[in-house]
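Trainee: Hi, could you walk me through this one? I'm new to it.
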Amino acid sequence: MFLNKIKSGESGILLYGITPPKSETSPERIAEIAEKTIARLIPLDLDALVVYDVQDESARTSEERPFPFLKALDPFMFASQYLEDLNIPKIIYRPAGKFSKDELAGWLNDLHQNNFYPVFVGVPAPDFPVKTSLPDAYKIWSKNENTSVIGAVTIPERHEILKDEDKRILDKVNCGVSYFISQCVFNVAYAKKVIEDLSYTCKKENKKFPTIIFTLTACGSEKTLNFMEWLGIHVPHDLKEDIKNSENILEKSVNVCLDIASELTTFCTEQSVPFGFNIESVAIKKDEIEASIYMVNKIAEMLDKKDIRKMKVVL
(Lines give C-alpha, C1' and ligand atoms only; values in the text may rest on other atoms or scores of the structure.)
Protein backbone atom coordinates (compact mmCIF):
# COMPACT_ATOMS: atom_id res chain seq x y z
CA MET A 1 0.00 0.00 0.00
CA PHE A 2 1.20 3.48 -0.87
CA LEU A 3 0.47 4.81 2.63
CA ASN A 4 2.51 2.10 4.35
CA LYS A 5 5.38 2.37 1.87
CA ILE A 6 5.74 6.10 2.48
CA LYS A 7 5.42 5.81 6.26
CA SER A 8 8.01 3.00 6.36
CA GLY A 9 10.43 4.72 3.95
CA GLU A 10 10.32 1.89 1.41
CA SER A 11 12.12 2.42 -1.90
CA GLY A 12 10.92 1.54 -5.38
CA ILE A 13 7.62 3.43 -5.32
CA LEU A 14 6.06 3.85 -8.77
CA LEU A 15 3.57 6.59 -9.59
CA TYR A 16 1.92 7.66 -12.83
CA GLY A 17 1.07 11.32 -13.40
CA ILE A 18 -1.71 12.74 -15.58
CA THR A 19 -3.57 15.99 -16.14
CA PRO A 20 -7.39 16.13 -16.18
CA PRO A 21 -9.23 16.77 -19.46
CA LYS A 22 -9.81 20.38 -20.50
CA SER A 23 -12.70 22.14 -18.80
CA GLU A 24 -14.69 22.62 -22.02
CA THR A 25 -14.71 18.84 -22.65
CA SER A 26 -18.20 17.32 -22.79
CA PRO A 27 -19.23 14.87 -20.04
CA GLU A 28 -19.47 12.09 -22.63
CA ARG A 29 -15.94 12.75 -23.84
CA ILE A 30 -14.61 12.99 -20.26
CA ALA A 31 -16.09 9.56 -19.52
CA GLU A 32 -14.48 8.18 -22.69
CA ILE A 33 -11.06 9.62 -21.74
CA ALA A 34 -11.41 8.19 -18.24
CA GLU A 35 -12.37 4.76 -19.55
CA LYS A 36 -9.29 4.64 -21.80
CA THR A 37 -7.07 5.87 -18.96
CA ILE A 38 -8.35 3.19 -16.60
CA ALA A 39 -7.89 0.46 -19.24
CA ARG A 40 -4.27 1.52 -19.78
CA LEU A 41 -3.38 1.75 -16.11
CA ILE A 42 -5.10 -1.27 -14.55
CA PRO A 43 -2.45 -3.72 -15.86
CA LEU A 44 0.45 -1.59 -14.59
CA ASP A 45 2.39 -2.17 -11.38
CA LEU A 46 1.61 1.21 -9.78
CA ASP A 47 1.40 2.41 -6.20
CA ALA A 48 -0.68 5.52 -6.92
CA LEU A 49 -1.95 7.86 -9.61
CA VAL A 50 -0.96 11.53 -9.53
CA VAL A 51 -3.55 13.98 -10.88
CA TYR A 52 -2.06 17.42 -11.45
CA ASP A 53 -3.70 20.79 -10.97
CA VAL A 54 -3.06 22.69 -14.22
CA GLN A 55 -2.15 26.33 -13.66
CA ASP A 56 -1.33 29.17 -16.02
CA GLU A 57 2.27 30.03 -15.18
CA SER A 58 2.70 32.71 -17.86
CA ALA A 59 3.04 35.47 -15.26
CA ARG A 60 6.30 34.07 -13.89
CA THR A 61 8.24 34.62 -17.14
CA SER A 62 8.37 37.11 -20.00
CA GLU A 63 9.01 34.36 -22.54
CA GLU A 64 6.10 33.39 -24.78
CA ARG A 65 4.36 30.16 -23.83
CA PRO A 66 5.04 27.53 -26.55
CA PHE A 67 1.55 26.06 -26.15
CA PRO A 68 -1.61 28.05 -25.32
CA PHE A 69 -2.95 27.65 -21.79
CA LEU A 70 -6.25 25.79 -21.61
CA LYS A 71 -8.05 25.49 -18.30
CA ALA A 72 -8.50 21.92 -17.08
CA LEU A 73 -11.07 20.19 -14.91
CA ASP A 74 -10.59 20.15 -11.16
CA PRO A 75 -8.30 17.15 -10.45
CA PHE A 76 -10.24 15.96 -7.40
CA MET A 77 -13.52 16.07 -9.29
CA PHE A 78 -12.06 14.14 -12.22
CA ALA A 79 -10.44 11.49 -10.00
CA SER A 80 -13.42 11.00 -7.68
CA GLN A 81 -16.18 11.05 -10.28
CA TYR A 82 -14.54 9.41 -13.30
CA LEU A 83 -11.62 7.27 -12.10
CA GLU A 84 -13.25 5.40 -9.21
CA ASP A 85 -12.86 2.07 -11.08
CA LEU A 86 -9.08 2.45 -10.97
CA ASN A 87 -8.47 0.83 -7.60
CA ILE A 88 -5.22 2.53 -6.59
CA PRO A 89 -4.66 5.58 -4.36
CA LYS A 90 -4.92 9.00 -5.99
CA ILE A 91 -2.54 11.87 -5.23
CA ILE A 92 -4.15 15.25 -5.91
CA TYR A 93 -2.21 18.46 -6.45
CA ARG A 94 -3.59 21.76 -5.16
CA PRO A 95 -2.15 25.30 -4.90
CA ALA A 96 -2.97 25.90 -1.23
CA GLY A 97 -2.53 29.67 -1.44
CA LYS A 98 -5.50 30.08 -3.79
CA PHE A 99 -7.97 28.90 -1.15
CA SER A 100 -9.17 30.00 2.28
CA LYS A 101 -8.54 27.89 5.37
CA ASP A 102 -12.18 26.76 5.44
CA GLU A 103 -12.05 25.80 1.76
CA LEU A 104 -8.85 23.81 2.30
CA ALA A 105 -10.28 22.08 5.37
CA GLY A 106 -13.35 20.98 3.41
CA TRP A 107 -11.24 19.81 0.48
CA LEU A 108 -8.89 17.83 2.72
CA ASN A 109 -11.86 16.18 4.40
CA ASP A 110 -13.23 15.14 1.00
CA LEU A 111 -9.82 13.73 0.04
CA HIS A 112 -9.53 11.78 3.28
CA GLN A 113 -12.97 10.25 2.85
CA ASN A 114 -11.92 9.03 -0.61
CA ASN A 115 -8.53 7.73 0.62
CA PHE A 116 -6.81 10.28 -1.61
CA TYR A 117 -3.60 12.07 -0.66
CA PRO A 118 -2.75 15.77 -1.10
CA VAL A 119 0.28 17.53 -2.52
CA PHE A 120 0.34 21.26 -1.89
CA VAL A 121 2.07 23.36 -4.54
CA GLY A 122 2.88 27.04 -4.80
CA VAL A 123 0.76 29.72 -6.43
CA PRO A 124 1.26 30.33 -10.19
CA ALA A 125 3.16 33.63 -9.81
CA PRO A 126 5.21 35.31 -7.04
CA ASP A 127 2.80 38.25 -6.78
CA PHE A 128 -0.34 36.09 -6.61
CA PRO A 129 -2.45 37.05 -3.54
CA VAL A 130 -2.09 34.21 -1.02
CA LYS A 131 -5.16 33.27 1.04
CA THR A 132 -3.49 30.50 3.07
CA SER A 133 0.22 30.05 3.68
CA LEU A 134 1.80 26.62 3.19
CA PRO A 135 2.62 26.24 6.93
CA ASP A 136 -1.03 26.98 7.75
CA ALA A 137 -2.19 24.52 5.10
CA TYR A 138 -0.01 21.80 6.60
CA LYS A 139 -1.47 22.56 10.05
CA ILE A 140 -4.98 22.06 8.68
CA TRP A 141 -3.92 18.71 7.20
CA SER A 142 -2.17 17.57 10.40
CA LYS A 143 -5.37 16.26 12.02
CA ASN A 144 -5.13 13.36 9.52
CA GLU A 145 -1.41 12.67 9.99
CA ASN A 146 -1.97 9.30 11.70
CA THR A 147 -4.03 7.91 8.83
CA SER A 148 -2.65 9.79 5.83
CA VAL A 149 0.50 11.22 4.26
CA ILE A 150 1.09 14.54 2.56
CA GLY A 151 3.57 15.27 -0.20
CA ALA A 152 5.30 18.31 -1.62
CA VAL A 153 7.28 19.28 -4.69
CA THR A 154 11.05 19.57 -5.01
CA ILE A 155 12.82 21.41 -7.83
CA PRO A 156 16.45 20.46 -8.51
CA GLU A 157 16.85 23.48 -10.81
CA ARG A 158 16.02 25.78 -7.91
CA HIS A 159 18.73 24.17 -5.81
CA GLU A 160 21.29 24.80 -8.53
CA ILE A 161 20.56 28.53 -8.25
CA LEU A 162 19.62 29.09 -4.59
CA LYS A 163 21.51 26.20 -2.95
CA ASP A 164 18.78 25.78 -0.33
CA GLU A 165 16.51 22.98 -1.56
CA ASP A 166 17.72 20.74 1.27
CA LYS A 167 16.59 23.33 3.81
CA ARG A 168 13.27 23.87 2.01
CA ILE A 169 12.65 20.13 2.08
CA LEU A 170 13.42 19.78 5.78
CA ASP A 171 11.26 22.80 6.63
CA LYS A 172 8.36 20.97 4.99
CA VAL A 173 9.31 17.70 6.70
CA ASN A 174 9.01 19.58 10.01
CA CYS A 175 5.46 20.50 8.91
CA GLY A 176 4.54 16.84 8.35
CA VAL A 177 5.58 16.22 4.73
CA SER A 178 7.03 12.73 4.26
CA TYR A 179 7.61 12.47 0.50
CA PHE A 180 8.58 14.79 -2.33
CA ILE A 181 7.79 14.54 -6.04
CA SER A 182 10.38 16.26 -8.18
CA GLN A 183 9.96 18.46 -11.19
CA CYS A 184 10.72 16.46 -14.34
CA VAL A 185 14.38 15.37 -14.34
CA PHE A 186 16.52 15.74 -17.45
CA ASN A 187 19.62 16.99 -15.65
CA VAL A 188 20.66 14.04 -13.52
CA ALA A 189 23.54 15.99 -11.96
CA TYR A 190 21.06 18.52 -10.52
CA ALA A 191 18.96 15.72 -9.01
CA LYS A 192 22.02 14.05 -7.49
CA LYS A 193 23.18 17.32 -5.95
CA VAL A 194 19.88 17.72 -4.11
CA ILE A 195 20.24 14.19 -2.71
CA GLU A 196 23.86 14.76 -1.70
CA ASP A 197 23.15 18.03 0.10
CA LEU A 198 19.95 16.74 1.68
CA SER A 199 21.77 13.62 2.90
CA TYR A 200 24.49 15.77 4.47
CA THR A 201 21.94 18.04 6.17
CA CYS A 202 19.84 15.11 7.43
CA LYS A 203 22.89 13.48 9.01
CA LYS A 204 24.08 16.78 10.46
CA GLU A 205 20.67 17.51 12.02
CA ASN A 206 19.86 13.86 12.80
CA LYS A 207 16.71 13.97 10.65
CA LYS A 208 14.98 11.06 8.94
CA PHE A 209 15.38 11.17 5.17
CA PRO A 210 12.05 11.69 3.35
CA THR A 211 11.15 9.69 0.25
CA ILE A 212 12.20 11.38 -2.99
CA ILE A 213 10.17 10.49 -6.09
CA PHE A 214 11.78 11.54 -9.37
CA THR A 215 9.49 12.55 -12.21
CA LEU A 216 10.37 11.32 -15.70
CA THR A 217 8.55 12.14 -18.91
CA ALA A 218 9.00 11.27 -22.56
CA CYS A 219 9.33 14.06 -25.10
CA GLY A 220 7.84 13.58 -28.55
CA SER A 221 8.89 16.73 -30.39
CA GLU A 222 11.24 19.69 -30.38
CA LYS A 223 8.29 21.94 -29.51
CA THR A 224 7.55 19.84 -26.42
CA LEU A 225 11.21 20.05 -25.47
CA ASN A 226 11.00 23.84 -25.72
CA PHE A 227 7.88 23.80 -23.54
CA MET A 228 9.69 21.79 -20.88
CA GLU A 229 12.41 24.42 -20.81
CA TRP A 230 9.75 27.14 -20.61
CA LEU A 231 8.41 25.38 -17.51
CA GLY A 232 11.85 25.64 -15.94
CA ILE A 233 13.14 22.12 -16.62
CA HIS A 234 16.86 22.22 -17.37
CA VAL A 235 18.02 20.07 -20.27
CA PRO A 236 21.83 20.07 -20.60
CA HIS A 237 22.90 21.60 -23.92
CA ASP A 238 24.59 18.47 -25.30
CA LEU A 239 21.64 16.29 -24.33
CA LYS A 240 19.21 18.76 -25.88
CA GLU A 241 21.13 18.70 -29.17
CA ASP A 242 21.27 14.88 -29.12
CA ILE A 243 17.50 14.69 -28.64
CA LYS A 244 16.73 17.34 -31.26
CA ASN A 245 19.02 15.75 -33.85
CA SER A 246 17.98 12.15 -33.29
CA GLU A 247 16.05 10.29 -35.97
CA ASN A 248 13.28 9.55 -33.47
CA ILE A 249 12.95 12.18 -30.73
CA LEU A 250 10.43 10.17 -28.73
CA GLU A 251 12.50 6.99 -28.73
CA LYS A 252 15.65 8.92 -27.82
CA SER A 253 13.94 10.71 -24.92
CA VAL A 254 12.55 7.42 -23.57
CA ASN A 255 16.04 5.90 -23.58
CA VAL A 256 17.38 9.01 -21.82
CA CYS A 257 14.70 8.70 -19.13
CA LEU A 258 15.44 5.01 -18.60
CA ASP A 259 19.16 5.77 -18.28
CA ILE A 260 18.38 8.50 -15.74
CA ALA A 261 16.16 6.08 -13.78
CA SER A 262 18.96 3.50 -13.70
CA GLU A 263 21.58 6.05 -12.63
CA LEU A 264 19.39 7.52 -9.88
CA THR A 265 18.48 4.03 -8.65
CA THR A 266 22.14 3.14 -8.21
CA PHE A 267 22.94 6.51 -6.62
CA CYS A 268 20.05 6.50 -4.13
CA THR A 269 20.68 2.88 -3.19
CA GLU A 270 24.32 3.67 -2.44
CA GLN A 271 23.21 6.69 -0.37
CA SER A 272 20.53 4.64 1.46
CA VAL A 273 17.91 7.16 0.36
CA PRO A 274 14.25 6.04 -0.01
CA PHE A 275 13.23 6.83 -3.58
CA GLY A 276 10.82 6.12 -6.37
CA PHE A 277 9.70 7.32 -9.79
CA ASN A 278 6.71 9.20 -11.16
CA ILE A 279 6.18 8.56 -14.86
CA GLU A 280 4.40 11.57 -16.25
CA SER A 281 1.99 11.38 -19.18
CA VAL A 282 0.51 14.77 -20.00
CA ALA A 283 0.47 14.42 -23.80
CA ILE A 284 -2.56 13.52 -25.91
CA LYS A 285 -0.68 11.79 -28.73
CA LYS A 286 -1.09 8.03 -28.74
CA ASP A 287 2.61 7.26 -29.29
CA GLU A 288 3.66 9.45 -26.34
CA ILE A 289 1.08 7.82 -24.06
CA GLU A 290 2.28 4.36 -25.16
CA ALA A 291 5.86 5.47 -24.48
CA SER A 292 4.92 6.36 -20.90
CA ILE A 293 3.37 2.91 -20.38
CA TYR A 294 6.53 1.31 -21.76
CA MET A 295 8.62 3.36 -19.33
CA VAL A 296 6.57 2.24 -16.33
CA ASN A 297 7.01 -1.40 -17.27
CA LYS A 298 10.74 -1.09 -17.96
CA ILE A 299 11.42 0.77 -14.72
CA ALA A 300 9.34 -1.73 -12.71
CA GLU A 301 11.34 -4.52 -14.35
CA MET A 302 14.64 -2.80 -13.53
CA LEU A 303 13.66 -2.29 -9.89
CA ASP A 304 12.54 -5.91 -9.67
CA LYS A 305 15.86 -7.17 -11.03
CA LYS A 306 17.71 -5.06 -8.47
CA ASP A 307 15.50 -6.59 -5.75
CA ILE A 308 14.15 -3.13 -4.83
CA ARG A 309 10.58 -3.77 -5.88
CA LYS A 310 8.73 -7.00 -6.52
CA MET A 311 6.55 -6.73 -9.62
CA LYS A 312 2.99 -7.83 -9.20
CA VAL A 313 1.82 -10.82 -11.21
CA VAL A 314 -0.79 -9.79 -13.79
CA LEU A 315 -3.27 -12.62 -14.38
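Mentor: Sure, we'll go through a pocket, a pair of helices, a salt bridge and one residue. This is a predicted model: local features need pLDDT of at least 70, side-chain atom pairs count only at pLDDT 80 or more, and totals for chains, interfaces and linings use all residues. Residues are numbered from 1 along each chain as its sequence is written, and side-chain values use heavy atoms, with hydrogens and water left out.

Trainee: What volume does the second largest pocket have?
Mentor: About 530 Å³. A pocket here, on a 1 Å grid over the protein atoms alone, is an open set of points where a 1.4 Å probe fits, with protein on both sides within 12 Å along at least five of seven lines. The volume is the space filled by probe spheres set on the points, which are joined across faces, edges and corners.

Trainee: And how many residues line that pocket?
Mentor: There are 28, with L86, N87, I88, P89 and K90 nearest the centre; a lining residue has an atom within 4 Å of a point. By class the lining has 14 nonpolar, seven polar and seven charged residues. Nonpolar means Ala, Val, Leu, Ile, Met, Phe, Trp, Tyr, Cys and Pro, charged means Asp, Glu, Lys and Arg, and the others, Gly among them, are polar.

Trainee: Which helix gives the most to the lining?
Mentor: Helix 1, with three residues. Helices (H or I, at least four residues) and strands (E, at least two) are DSSP runs, numbered from the N terminus.

Trainee: Switching topic, how do helix 10 and helix 11 cross?
Mentor: Their axes, lines fitted to C-alpha atoms over the stretch in contact, with angles from 0 to 180 degrees between N-to-C directions, come within 8 Å and cross at roughly 140°. The two helices are therefore oblique to each other, meaning outside the ranges under 35, 65 to 115 and over 145 degrees.

Trainee: Which residues meet there?
Mentor: L239, D242, I243 and K244 in helix 10 meet I249, K252 and V256 in helix 11, where contact means heavy atoms within 4.5 Å.

Trainee: What does D47 form a salt bridge with?
Mentor: With K5, the closest N and O atoms being 2.7 Å apart. The rule asks for a side-chain nitrogen of Lys or Arg within 4 Å of a carboxyl oxygen of Asp or Glu.

Trainee: Last one: where is S80?
Mentor: S80 sits in helix 3.
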